[in-house]
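Me: I would like a close look at one part of this model, the charged pairs, with a careful account of how they sit in the rest of the structure.

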Amino acid sequence: MERVNVFEEFEKAGLYKAIFSRRDIRSQFTDKPIEDDVLSRVLVAAHHAPSVGFMQPWNFIVIKSNDVKRRVHESFVRANERAKAMFIDDKKRQTYENLKLQGILESPLNICVTCDKSRFGPVVIGRTTNFNMDEYSVVCAVENLWLAARAEGLGVGWVSILYDNDLTQILNLPEDVIPIAYLCIGYVTHFPESPELETVGWLPRMKLSDLIYSETWGNDCQTHLPELYKHVVK
């Protein structure tokens, strides 16, 4: 059977390069402005993410204002102080305190990606059983944005240590709109070879073969999918 719409080898290589070299950027931002055509391409890629019921529940708030950034950064500082106290192990806490966990003020551009829970009404195909599917759709848009940004030479950092209530107030979000991702975006001095948390020894990368089961939970890859196991252990 003829294979239809198959990527050429160089096209596949470009996709995998973006995936494997994508990093959560926090401290490598430069002050070079992002060109409008580049930003447009990245947002178009995000907008073409899959969404449940084709509801496209996302919005993208593009933030350049230093005042808005400052207010969001203040929210991060409060949330981060609370987070530090959660690590009772002294070594973990010290490592955490030395991590750069955001680039809100350093990046030339911030984007808040939101989810409109009311878009196209209360009944949406695919959201009738799991009402959170629209939020998962927005996360797909974030991943599209991240990979497109990497292909354009832009770094992206997801700031998760924020209070949603603060973002709702600062960004004047409507009642049915919730923040999903607050992203710092900009050109960078370099992309690290490995994720920072892996480099500093916070956690190791897990083996894929330990994460694949066959048919039901616990049927391990090596025993139940031996031919696949030969490939995923590489």
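Does Arg 70 count as buried, partly exposed or exposed, and what is its relative accessibility?

Reply: This is a predicted model, and in it Arg 70 counts as partly exposed, at 38% relative accessibility. Its salt-bridge partner is Glu 74, and the closest N and O atoms of the two are 2.9 Å apart. Glu 74 is likewise partly exposed, with a relative accessible area of 36%, a value that falls between the limits of 20% for buried and 50% for exposed. Both residues belong to helix H3, which covers residues 66–84, and they stand four residues apart, about one turn of the helix.

As background to such pairs, side chains of opposite charge can pair when their charged atoms come close. A search of the whole structure finds 17 salt bridges, and two further ones help to set the pair in helix H3 in context. Lys 230 and Glu 227 meet through their side chains at 3.4 Å, N to O, and, because they are three residues apart in helix H9 (residues 226–232), about one helical turn separates them. Lys 230 and Glu 227 are both exposed. Beyond these pairs, Lys 117, Arg 127, Asp 134 and Glu 135 are joined into one network by salt bridges that share partners.

The salt bridge between Asp 116 and Arg 119 has its closest N and O atoms 3.6 Å apart. Here Asp 116 counts as buried at 13% relative accessibility, and Arg 119 also counts as buried, at 18%.

Charged residues appear again around the largest pocket, which holds about 570 Å³ of space. The pocket is lined by 21 residues, and those closest to its centre are Arg 22, Arg 23, Pro 195, Glu 198 and Arg 205. Two or more lining residues come from each of H1, helix H5 (133–151) and helix H7 (196–199), with H7 giving the largest share, three residues.

Helix H1 (residues 9–21) also holds Ile 19, which is partly exposed at 35% relative accessibility. Together with Phe 7, Leu 15, Tyr 16 and Phe 20, Ile 19 forms a nonpolar patch on the surface, and the accessible area of these residues together is about 530 Å².

As for covalent links between cysteines, the structure holds zero disulfides. The sulfur of Cys 140 is 12 Å from the closest cysteine sulfur, in Cys 115, and so too far for a bond. Cys 140 is partly exposed, with a relative accessible area of 32%, whereas Cys 221 is buried, at 0%.

Methods. Residues numbered from 1 in each chain as written. Predicted model: local features only at pLDDT ≥ 70, side-chain atom pairs only at ≥ 80, totals over all residues. Heavy atoms only, no water. Disulfide = S-S within 2.5 Å. Buried < 20%, exposed > 50% of the residue type's maximum accessible area, 1.4 Å probe, protein only. Patch = residues over 30% accessible without salt bridge, like charges linked within 9 Å, V, L, I, M, F, W, Y side chains within 5 Å. Areas by Shrake-Rupley, 256 points an atom, 1.4 Å probe, with all protein chains shown as cover. Salt bridge = Lys/Arg side-chain N within 4 Å of Asp/Glu carboxyl O. 1 Å grid on protein atoms, 1.4 Å probe; cavity = no way out; pocket = protein on both sides within 12 Å on 5 of 7 lines; lining within 4 Å. Points joined across faces, edges and corners; volume = space filled by probe spheres on them.
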